[in-house]
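Q: I'm new to this structure and would like a close look at a single part of it. Could you walk me through one of its sheets and what sits around it?

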Amino acid sequence: MAFWKKILMKINNRWYPKSVLVGSPVSTEQLCKRIAAESTVSAADVRAVFTALAPIMADYMSQGRSVKLDGIGSFYFTAIAAKGGAPTEKEVSANLITGVRVRFIPETRFSKSAAGSGSGKRAVRGLSDVTIEWEEWKAEEKKPAKPKPNP
């Protein structure tokens, strides 16, 4: 079950539903155990693959390639440029690159639409084509702890 809460957007003074994360993130160990339970490999084998995956993906992406994981999507690097850029094309160089971001595009599949709903195909993004039951979040928001005064 996924949760949502009501949120007022200050920019237009309108209310919207916003998804809420609950609990702690699912750990690598939890993923390994579940994948092992649903397959023929051990949790240790899954962990070994996960451990090798990140540096290998980074190596391919550092060569200017994207990495596509079937059923998940594609990952690639983008450059973060210095604010303000350069006034002329001749002044543009790699020295203006100040950082790197990892970008992700979910895989898109096409499935047949329900009868009478149009063209007969609809795009489905990977990882988001599960049936989600939404329930309003009723728990109180955690307030940040007040800093203790210095003696």
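A: Here is a walk through one sheet and its surroundings, with a short look at the rest of the chain for context. Keep in mind that this is a predicted model.

Let's get our bearings. The protein chain has two helices and eight strands, and along the sequence they come in the pattern β-β-α-α-β-β-β-β-β-β. Of the 151 residues in the chain, 11% are buried. The accessible surface adds up to about 13,100 Å², and carbon and sulfur atoms own 57% of that. If you look at contacts with a separation of 6 or more, 33% of them are between residues 24 or more positions apart.

Now for the sheet I'd pick: the open one with three strands in the order E3-E4-E5, paired antiparallel. E3 and E5 are the edge strands, each with a single partner strand, so one side of each has no neighbour in the sheet. From one strand to the next, the twist averages 25°. As background, strands of a sheet pair through backbone hydrogen bonds, and the pairing can be parallel or antiparallel.

Take the E3 side to begin with. Strand E3 covers residues 67-69, strand E4 covers residues 73-81, and three bridges hold the antiparallel pair together. One spot to find is Leu 69, whose bridge partner in E4 is Gly 73. The hairpin of E3 and E4 has three residues between the strands, and one of the residues to look at there is Gly 71, with a positive phi near 80°.

On the other side, E4 runs antiparallel to strand E5 (residues 97-106), and nine bridges join them. If you want a landmark in that pairing, try Thr 78, which has Arg 101 in E5 as its bridge partner.

What lies across this sheet? Helix H2, residues 43-62, lies across E3 and E4 and runs at about 60° to E4.

A loop residue also reaches this part of the chain. Leu 127 belongs to the loop between strand E7 (121-125) and E8. Leaving aside residues up to four places away in sequence, Leu 127 touches Gly 71, Ile 72 and Phe 104. So that glycine from the hairpin turns up again here, as one of the residues Leu 127 touches. The C-alpha atoms of Leu 127 and Pro 106 are 7.2 Å apart, although 21 residues separate the two along the chain. Even with those contacts, Leu 127 counts as exposed, because its relative accessibility of 55% is over the 50% cut-off.

There's a charged link to this sheet as well. Lys 68 forms a salt bridge with Glu 107, with the closest N and O atoms 2.8 Å apart. Lys 68 is in strand E3, while Glu 107 sits in the loop between E5 and strand E6 (108-112), so the pair links distant parts of the chain, 39 residues apart. Are the two partners buried or exposed? Glu 107 counts as buried because its relative accessibility is 13%, under the 20% cut-off. Lys 68 counts as partly exposed, at 47%.

For context, there is also an open sheet of three strands in the order E2-E1-E8, with mixed pairing. Its edge strands are E2 (14-20) and E8 (134-136), each pairing on one side only. Ignoring direction, neighbouring strands here are turned by 45° against each other on average. Strand E1 (residues 2-9) pairs with E2 in the antiparallel sense over seven bridges, and Ile 7 stands opposite Tyr 16 in E2. In the loop between E1 and E2 you'll find Asn 13, which has a positive phi near 55° without being a glycine. Most residues other than glycine have a negative phi.

That sheet has its own charged links. Lys 6 and Glu 136 form a salt bridge, with 3.8 Å between the closest N and O atoms. Lys 6 is in strand E1 and Glu 136 in strand E8, 130 residues apart. Glu 136 also meets Lys 138 in a salt bridge at 3.4 Å, N to O, and Lys 6, Glu 136 and Lys 138 are linked in a network.

Methods: Residues numbered from 1 in each chain as written. Predicted model: local features only at pLDDT ≥ 70, side-chain atom pairs only at ≥ 80, totals over all residues. Heavy atoms only, no water. Helix = DSSP H or I, 4+ residues; strand = E, 2+ residues; numbered from the N terminus. Buried < 20%, exposed > 50% of the residue type's maximum accessible area, 1.4 Å probe, protein only. Contact = heavy atoms within 4.5 Å. Areas by Shrake-Rupley, 256 points an atom, 1.4 Å probe, with all protein chains shown as cover. Pairing = 2+ DSSP bridges. Axes fitted to C-alpha atoms, helices over the stretch in contact; angles between N-to-C directions. Salt bridge = Lys/Arg side-chain N within 4 Å of Asp/Glu carboxyl O.
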